[in-house]
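Trainee: I am new to this structure and would like a close look at one part of it. Please take me through that part and then through what surrounds it.

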Amino acid sequence: MSTPPPKTIQEDVTLDSALRPRKWEEYIGQERIKKNLKVIIDAAKQRKEPPEHLLFYGGSGLGKSSLAYLVAKELKTNIKITSGPAIERAGDLAAILTNLSENDVIFLDECHRLNRVCEEYLYPAMEDFKLNLVIGKGPMARTMELKLPRFTLIGATTRIALLSSPLRSRFGASFQINFYEKEDIKKILQRSANLLGVNPEPEAVNLIAERSRYTPRVANRLLKRVRDFAQVEGGNIITMALAKKAFEFLEIDEKGLEEGDKRILEAIIEKFSGGPVGLQALAAAASQEQDTILDIYEPYLMQLGFIERTPRGRLATKLAYLHLGIKYKASQNLL
């Protein structure tokens, strides 16, 4: 008798949204941030007013969007989603703000990429819930003030250093989302496996967690890829052997490094003698975009201790040499 196929999630719901936490208890990790948010939300409820504007910053896939959804759900209000690059003109911003209801939440992803002109219009909206639009040009121009419903803006960014100081100062609270602990990643994987209808062995969960880059989005992505291998094998049980086979096929090593990570490390070591090397030269040598290196690869490589950032550029550490199996010379990396 053949093993039944794994359960499927409703076709009209994407996997990523289906795996998103629906309540605080399902959001695993970041305990300090959750406690602070609960205090802010409870206090705002007692005052019967929307919470202050919130800013979440940290690497991609660490749960900034999920926190925004949970805040809106806790407030029992609507959430409107947009991003910095999507707001090109003041009219785009006005359309979003004027369609809000009282106490709504706006989630502004990648807010550091917001157009500077639009950012100026956002300041009075955040402070006084007013939108000052300039109509016409030249001597005939006039300013029209629109009153807005009270709302909470939740900004998210992977590059807080690029966020302008005036915008950053208008958020009432800022929270840094850090990399997760391995045990938290294992809990996230077990929950996701239940939702996906697969049954991973504890050893397999541990193996996936080790390669997850301490990031929930990556962990879920790897789980889905390993699930594909299990499905092709004709079952919904993920064994240790199956997980190892999947990672060998995907070329993901025991530290979670992929081809792009190794290409960056090898470029520093082989083409620049271990560094230091500037970001522009490294991007050209590794055939990667500078923003991709900054946002995707470098944070994790630094977390592992494989890369150091110095005033003169990036250095490959001794740990990077050992991991790649390249002989390390003590005379290298001297500034």
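Are phenylalanine 129 and phenylalanine 151 buried or exposed? Please start there and go on to the rings, strands and spaces in the rest of the model.

Mentor: Keep in mind throughout that the model is predicted. Phenylalanine 129 and phenylalanine 151 are both buried.

A second buried pair helps to place them. A search of the whole structure finds five aromatic pairs. One of them is formed by phenylalanine 56 and phenylalanine 175, whose ring centres are 6.1 Å apart. The angle between these two planes is 40°, and the pair is tilted. Phenylalanine 56 belongs to strand β1 and phenylalanine 175 to strand β7, so this pair links distant parts of the chain, 119 residues apart. Both phenylalanine 56 and phenylalanine 175 are buried. The pair you asked about has another geometry: the ring centres of phenylalanine 129 and phenylalanine 151 are 5.4 Å apart and the planes stand at 85°, so this pair is edge-to-face. A plane angle over 60 degrees is what counts as edge-to-face. Phenylalanine 129 is in the loop between α5 (116-128) and β4 (130-135), while phenylalanine 151 is in the loop between β5 (142-147) and β6, so the contact ties together parts 22 residues apart in sequence.

Other aromatic residues deserve a look as well. Ring pairs join Phe179, Tyr214 and Tyr300 into a cluster. At tyrosine 123, the charged end of arginine 170 sits over the ring, 4.1 Å from the ring centre.

Now turn to the strands. Strand β6, which follows the loop of phenylalanine 151, covers residues 152-157 and runs parallel to β1. Four bridges join β1 and β6, and within this pairing tyrosine 57 of β1 stands opposite threonine 157 of β6. Strand β1 also runs parallel to β7 (residues 173-177), to which five bridges join it. Here the bridge partner of phenylalanine 56 is phenylalanine 175, so these two residues meet both as bridge partners and as an aromatic pair. Strand β1 itself spans residues 54-58, and four of its five residues are buried. In a regular strand, side chains alternate between the two faces of the sheet.

Next come the empty spaces. Rolling a probe the size of a water molecule over the atoms shows where such space is left. The search of the whole structure finds one cavity of 30 Å³ or more, with about 50 Å³ of space in it. Residues lining this cavity include Thr82, Ile87, Ile106, Leu122 and Leu153. The elements that give two or more residues to the lining are α4 (90-98) and β3, and α4 gives the most, with three. By class, the cavity lining has eight nonpolar residues, one polar residue and no charged residue.

The pockets have other linings. The largest pocket holds about 660 Å³ of space. It is lined by 30 residues, and those closest to its centre are Gly61, Leu62, Gly63, Ser66 and Arg217. Among the elements that give two or more residues to this lining are α1 (15-19), α3 (64-75), α7 (182-196) and α9 (216-232). The lining of the largest pocket divides into nine nonpolar, nine polar and twelve charged residues.

The second largest pocket has a volume of about 520 Å³. Its lining has 22 residues, with Gly58, Gly59, Thr158, Leu294 and Pro299 nearest the centre. Strand β1 returns here: β1, β7 and α13 each supply at least two residues of this lining. The most come from α13, with six residues. By class, the second largest pocket is lined by ten nonpolar, eight polar and four charged residues.

One last residue is arginine 168, in helix α6 (residues 165-168). Arginine 168 has a relative accessible area of 31%, so it is partly exposed. Its C-alpha atom is separated by 24 Å from that of serine 101, which lies 67 residues away along the chain.

To return to your question, phenylalanine 129 and phenylalanine 151 are buried, and their rings form an edge-to-face pair.

Technical notes: Residues are numbered from 1 along each chain as its sequence is written. This is a predicted model: local features need pLDDT of at least 70, side-chain atom pairs count only at pLDDT 80 or more; totals for chains, interfaces and linings use all residues. Side-chain values use heavy atoms; hydrogens and water are left out. Buried means under 20% relative accessible area, exposed over 50%, partly exposed in between (1.4 Å probe, protein chains only). Two strands pair if DSSP finds at least two bridges between them. On a 1 Å grid over the protein atoms alone, a cavity is a set of points where a 1.4 Å probe fits but cannot get out, and a pocket is an open set with protein on both sides within 12 Å along at least five of seven lines; lining residues have an atom within 4 Å of a point. Grid points are joined across faces, edges and corners, and a volume is the space filled by probe spheres set on the points. Ala, Val, Leu, Ile, Met, Phe, Trp, Tyr, Cys and Pro count as nonpolar, Asp, Glu, Lys and Arg as charged, and the others, Gly among them, as polar. Rings of Phe, Tyr and Trp (its six-membered ring) pair if their centres lie within 6.5 Å; planes under 30 degrees apart count as stacked, over 60 as edge-to-face and the rest as tilted. A charge sits over a ring if NZ of Lys or CZ of Arg is within 6 Å of the ring centre and within 35 degrees of the ring normal.
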